[in-house]
Amino acid sequence: MPPVAPRPRRPRPAAVLGLLLLLAAAPACSSAPEPGPRGPAAGPGAAAPAAAGGAAGGESSFWVDPNSEAARQVAAWEATGRYDDAQVLRRIAERPVALWGRPGDPGPGIRRARAAAKAAGRTLLLAAHNLPHRDCGRRPAGGAADARAYGRWIGAFADAIGDARALVVLEPHAVAHMADGCVPAEHRAERYRLLSGAVDRLKKNRNTKVYLDAGDPAWIRDPADLAGPLREAGLDRADGFALNVSGFQPDAAVRAYGAELSRAVGGRHFVVDTGRNGEGPLPGERTPASCNPPGRALGTPPTDRTGDPLVDAYLWVKRPGESDGTCRGGPPAGTWWPEQALGLARRAHH
């Protein structure tokens, strides 16, 4: 990303208030964020110019939400005089992040985002994360009540996408948890069936690409251990696999790991979550080091021009600035955390 733009001339408070009131009255299309409190309702009008449909620097074909938590925070900080912080936070607000389907009815939020993305000629970036018994019951626990409920949910998810161009990262952590043994034996066959069925349902949409999540290099050390689970989950009918979702592993390590895994599964391509990996992982055990680790930074900006023939895109799947949970003084998982977002953006190298 180009250096942060010079701070704009500071308008008079009355002018700022009048402009925000005027823009707040205009209609806007936005995505529904993953569950959790939204940022201050300062109105969508102060979102970054790139949010009109492009991405900062023209590096990506993905849609940027003009009413994201980051965009709303930029507007709120500008309205209260935090101009420097607002400019730094544009490093998130002006870039595409994934819309995570809501656990109840994912349809309305996806349809709103789809309409805006189609109008802008952009691709919708989505994550589906609602399997029964997801995350092995660890907090924050959640997911569909049972297999039938999940079938209805993924059907509504796919129906809402329709014929729009979309990229879906399917069920973060689900396949890696099969490989690490934490999924009880009684749930394993059902999980594979649901994942495989989800791939098939999503691929009925002619413009939807699907990438099955496969963890990260610090999780399943030998990528060959993922080959069988990925195939059983429907990889052969998907567009590829995803790595580093919500993780902090550096690009070079993830690319090398992905290339090895690709060889094990017949040369399939992959995408990489780079939202928070700019400083790599926090030293220490994987689980505590991955929950709101301090000192981290935004990574490579989202782009589908990676320069690597196996890497289809660098993406921000885990939304930078949303808490991992109440560890290290954070709010509940999925909640927008402005100061953490500001730290990620301030330390970014791009």
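At 25% relative accessibility, C136 counts as partly exposed, a class that lies between buried (under 20% relative accessible area) and exposed (over 50%), computed with a 1.4 Å probe on protein chains only. C136 is joined to C182 by a disulfide, with an S to S distance of 1.7 Å. The cut-off for a disulfide is a pair of cysteine sulfur atoms within 2.5 Å.

The structure is a predicted model, in which local features need pLDDT of at least 70, side-chain atom pairs count only at pLDDT 80 or more, and totals for chains, interfaces and linings use all residues. Residues are numbered from 1 along each chain as its sequence is written, and side-chain values use heavy atoms, with hydrogens and water left out.

**Confidence and overall fold**

The predictor's confidence in each residue, pLDDT, runs from 0 to 100. Its mean over the chain is 86, and 82% of the residues reach 70 or more. Over residues 1-58, pLDDT stays under 50. Where pLDDT is low, the predicted coordinates should not be read in detail. For residues 1-58 the model has 115 contacts beyond four places in sequence, a contact being heavy atoms within 4.5 Å.

The chain contains 11 helices and seven strands. These are DSSP runs numbered from the N terminus, with helices (H or I) of at least four residues and strands (E) of at least two. Of the 350 residues in the chain, 57% are buried. Among contacts with a separation of 6 or more, 75% are between residues 24 or more positions apart.

**Disulfides**

A disulfide is a covalent bond between the sulfur atoms of two cysteines. The count in this chain is two, and the pattern is 1-2, 3-4 when bonded cysteines are counted along the chain.

| Disulfide | S to S distance | Separation in sequence |
|---|---|---|
| C136 to C182 | 1.7 Å | 46 residues |
| C291 to C327 | 1.8 Å | 36 residues |

Each pair links distant parts of the chain. C136 is in the loop between β2 (124-128) and α5 (147-161), whereas C182 is in the loop between α6 (174-179) and α7. C182 is partly exposed, with a relative accessible area of 21%.

In the other pair, C291 is in the loop between α10 (286-289) and β7 (311-315), and C327 is in the loop between β7 and α11 (338-346). The link of C291 and C327 is left-handed, with -85° about the S-S bond. C291 is buried because its relative accessible area is 18%, while C327 is partly exposed at 21%.

**Helices α7 and α8 and the loop to β5**

Helix α7 covers residues 185-203 and includes S196. S196 has a relative accessible area of 16% and is therefore buried. Beyond four places in sequence, S196 touches E232, A233, G234 and R237.

Helix α8 (residues 224-232) has L226, A227, P229 and L230 buried. These buried residues pack against α6, α7, β4 (208-213), β5 (240-243) and α9 (251-264). After α8 comes G234, whose phi is positive, near 105°.

R237 lies in the loop between α8 and β5. This arginine is partly exposed, since its relative accessibility is 38%. Leaving aside neighbours within four places in sequence, R237 contacts S196, V199, D200 and K203. R237 and V210 are 27 residues apart in sequence, with a C-alpha to C-alpha distance of 8.9 Å.

**Helix α3 and the largest cavity**

Helix α3 (residues 83-93) is mostly covered, with 10 of its 11 residues buried. Among them are Y83, D85, R90, R91 and I92. The cover over the buried residues of α3 includes α2 (69-79) and α11.

I92 also belongs to the lining of the largest cavity, together with D65, S68, E69, A70, R95, V97, R319, P320 and W336. A cavity is a set of points, on a 1 Å grid over the protein atoms alone, where a 1.4 Å probe fits but cannot get out, and its lining residues have an atom within 4 Å of a point. The count comes to four cavities of 30 Å³ or more. The largest cavity holds about 80 Å³ of space, a volume being the space filled by probe spheres set on the grid points, which are joined across faces, edges and corners.

The lining of the largest cavity divides into five nonpolar, one polar and four charged residues. In this division, Ala, Val, Leu, Ile, Met, Phe, Trp, Tyr, Cys and Pro count as nonpolar, Asp, Glu, Lys and Arg as charged, and the others, Gly among them, as polar.

Note on methods. On a 1 Å grid over the protein atoms alone, a cavity is a set of points where a 1.4 Å probe fits but cannot get out, and a pocket is an open set with protein on both sides within 12 Å along at least five of seven lines; lining residues have an atom within 4 Å of a point.
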